[in-house]
Number of protein chains: 2
Amino acid sequence: MKVVELSGGVGGARLARGLAKIQEVDLTLIVNVGDDEMIHGLRVSPDLDTVVYTLAGVEGPEGWGRHGDTFTANDELGRLGLDNRFRLGDLDLALNVYRSARLAAGETLSQVTDTVRRRFELVPLVLPATDDVIRTEVKSASGDWLSFQEYFVHRQHRDEVVEIRFLGAAESRPAPGAVGHIEEADVVVIAPSNPPLSIWPILAVPGIKEAVADHPRVTAISPLFGGRALKGPADRILASLGLPAGNQGVAKAYAGVADNLVIDTGDAADAALIHGLGVLVEDTLIKDLAASARLARAILGL
Amino acid sequence: MKVVELSGGVGGARLARGLAKIQEVDLTLIVNVGDDEMIHGLRVSPDLDTVVYTLAGVEGPEGWGRHGDTFTANDELGRLGLDNRFRLGDLDLALNVYRSARLAAGETLSQVTDTVRRRFELVPLVLPATDDVIRTEVKSASGDWLSFQEYFVHRQHRDEVVEIRFLGAAESRPAPGAVGHIEEADVVVIAPSNPPLSIWPILAVPGIKEAVADHPRVTAISPLFGGRALKGPADRILASLGLPAGNQGVAKAYAGVADNLVIDTGDAADAALIHGLGVLVEDTLIKDLAASARLARAILGL
């Protein structure tokens, strides 16, 4: 069974681990790069790395970075006067140095990511949404446009977001193979990631949204529980962008794109409020690998 | 007393520490950058960093890198498939990331180095010989031109060197202030570094050699003991380039540039063989900071 998962960072990575455990699944991840940034002159791709680390089982305790990583270089960068609030561990820094070196040598982000995937001995394919540069920016209520990392890491997503844009997206091209994998997939899964911040920048790449919209079986997983995101600002952003509260807002965020929405058992009552999409009610809390695999099987109808 | 020291890496850095300890000395270092290289896309400046680390008292046990550094990122870079034989510790990597980021942002190597010097709270000025890129290359007996790091680190200076060149030197300009500091110095000291590999690339920058040659009091310290370098290939290179053995070869390497040569007490007999240069006989073994300060005072006639 060919499965494509559109994924942001932590939530998407955790679902991917479950999908990857199912023997009959041939998995391809298409990952958000709108959060990518140049940090200390290095190309940082947080969502790609979270997906790779999580699939390899070496992710950090909060879902990003590496398990047991040290911050020797990061502390020293601060001492040298650089803004080191985006904390890169020593192992994580090595991957960012590696990616930057290979990009500077002329490789594409897809090529570098595929080499990294193989170094971590991963079976699923991991594709960036695009090899071009996309920058997610959010407009705060004060009218300022903020880069994603400024908003998310430095200001800890406290600002009210009234608008989102994806700089460079209109001129970007899908990573090689991305559209083909979507077209050939038996199921396209939209991860329980933040819809506007993590999934929209993937869909903003011309060709990807069309391929997903044309696909007959696209199943999105809501990131909300009782109307709230487990962590991160998904619920607040949906509201401040003028979308309905709760799972109705998630359904609206994926209007014309998703065919089915998976909501948590605790929110079963929302099913009656959602129109135009099939609704599946499942335990969507991915508290461990077993829960991820169980949810993955349910999504795929296995 | 204004003192300029032309310096390579370890030997020059150890002498600099002694010079810096003398209260009446106002020290400026002009440091070799011919060994600089791009490693993993980062600008690595081994001699500049060795000088800064040693002056700060945080150098590694063999004179390069940082004391107590870890190699977490370096090991990971190897696992990712990069050639990591040039071992960068995590603290050391941070400085290289910092330098590369500042250079990419448009700062000159002089500016970056001066900021680093201040972060390490060093009093002596530390100048690269030039802000331009110079590449020391050696020709092996087999006829191949090797980059400095290829020759020195990867092939562990086993090749016989029949020729040396400094790519880019002819078009380079001295770092801002370098020539002025030489002209205003009371004494110019040439460190006990490898003459062809560490000092010649400094002198190859147009304007520096002339300023040093015109200076009335230039004192070079021989790196040889009983005709041999303590470590490194200085003696073999002098021989393979056709210079006389022992301190006569060092004197020849600095002909027209140095006014005095300091040789080790064990080699006092060499004094009679050296012509055209004043010879000082001193204990030149820098085994600790006290030895460095004592030698420094002797060189300056204090």
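The exercises below work through a predicted model of two chains, A and B.

Residues are numbered from 1 along each chain as its sequence is written, and chains are lettered from A in the order in which they are written. In this predicted model, local features need pLDDT of at least 70 and side-chain atom pairs count only at pLDDT 80 or more, while totals for chains, interfaces and linings use all residues.

**Exercise 1. Chain A as a whole**

Task: State how many helices and strands chain A has, and why chain A counts as compact.

Solution.
Step 1. Helices (H or I, at least four residues) and strands (E, at least two) are DSSP runs, numbered from the N terminus. Chain A has 12 of the former and 14 of the latter.
Step 2. The radius of gyration is taken over C-alpha atoms, and the globule rule is 2.2 Å times the number of residues to the power 0.38. For 302 residues the rule gives 19 Å; chain A has 18 Å, close to that value, so it is as compact as a globular protein of that length.
Step 3. The C-alpha trace of chain A spans about 55 × 45 × 35 Å along its principal axes.
Step 4. A residue is buried if 20 or more other C-beta atoms lie within 10 Å of its own, exposed if 12 or fewer, and partly exposed in between, with C-beta atoms placed from the backbone. By this count, 52% of the 302 residues of chain A are buried.

**Exercise 2. Strand β1 of chain A and its partners**

Task: Find which strands pair with β1(A), and how the chain crosses from β1(A) to β2(A).

Solution.
Step 1. Strand β1(A) covers residues 2–7; 5 of its 6 residues are buried, so it is largely enclosed by the rest of the structure.
Step 2. Two strands pair if DSSP finds at least two bridges between them. Strand β2(A), residues 26–31, pairs with β1(A) in the parallel sense over 6 bridges, and Lys2(A) stands opposite Asp26(A).
Step 3. The path from β1(A) to β2(A) goes through helix α1(A), residues 10–21, as a right-handed β-α-β crossover. Right-handed means that, with the strands pointing away from the viewer, the path from the first strand over the helix to the second runs clockwise.
Step 4. Strand β9(A), residues 187–190, is also parallel to β1(A), with 4 bridges. Here Glu5(A) has Val189(A) as its bridge partner.

**Exercise 3. Strand β13 of chain B**

Task: Decide whether β13(B) is largely enclosed or not, and name strands that pair with it.

Solution.
Step 1. Of the 5 residues of β13(B), residues 260–264, 4 are buried, so the strand is largely enclosed by the rest of the structure.
Step 2. With β10(B), residues 218–221, the pairing is parallel over 3 bridges; Thr219(B) stands opposite Asn260(B).
Step 3. With β14(B), residues 278–282, there are 5 bridges, and the two strands run parallel. Asp264(B) stands opposite Glu282(B) in this pair.

**Exercise 4. Positive phi outside glycine**

Task: Say where Glu121(A) lies, and whether it is buried or exposed.

Solution.
Step 1. Most residues other than glycine have a negative phi. Glu121(A), however, has a positive phi near 55°.
Step 2. Its place is the loop between α5(A) and β5(A), the latter being residues 125–128.
Step 3. Glu121(A) has 8 C-beta neighbours inside 10 Å and therefore counts as exposed.
Step 4. Gln156(B) can be treated likewise: phi is positive, near 50°, and the residue lies in the loop between α6(B) and β8(B). Gln156(B) is exposed, with 10 other C-beta atoms within 10 Å.

**Exercise 5. The contact between the chains**

Task: Describe the side of chain A that touches chain B, and the relation between the two copies.

Solution.
Step 1. Two residues are in contact if their C-beta atoms, placed from the backbone, lie within 7 Å. The contact takes 25 residues from each of chains A and B.
Step 2. In chain A, the elements that give two or more residues are α3 (72–79), α4 (90–104) and α5 (109–119). Helix α4(A) gives the most, 10 residues.
Step 3. Copies are superposed by least squares on the C-alpha atoms of residues with pLDDT of at least 70 in both. A turn of 180° and a shift of 0.0 Å along the axis lay chain A on chain B with an RMSD of 0.0 Å. This is the relation of a two-fold axis.
Step 4. The C-alpha of Asp90(A) is the one in chain A nearest the axis, at 3.4 Å. The same surface serves both copies, as 100% of the contact residues of chain A recur in chain B.
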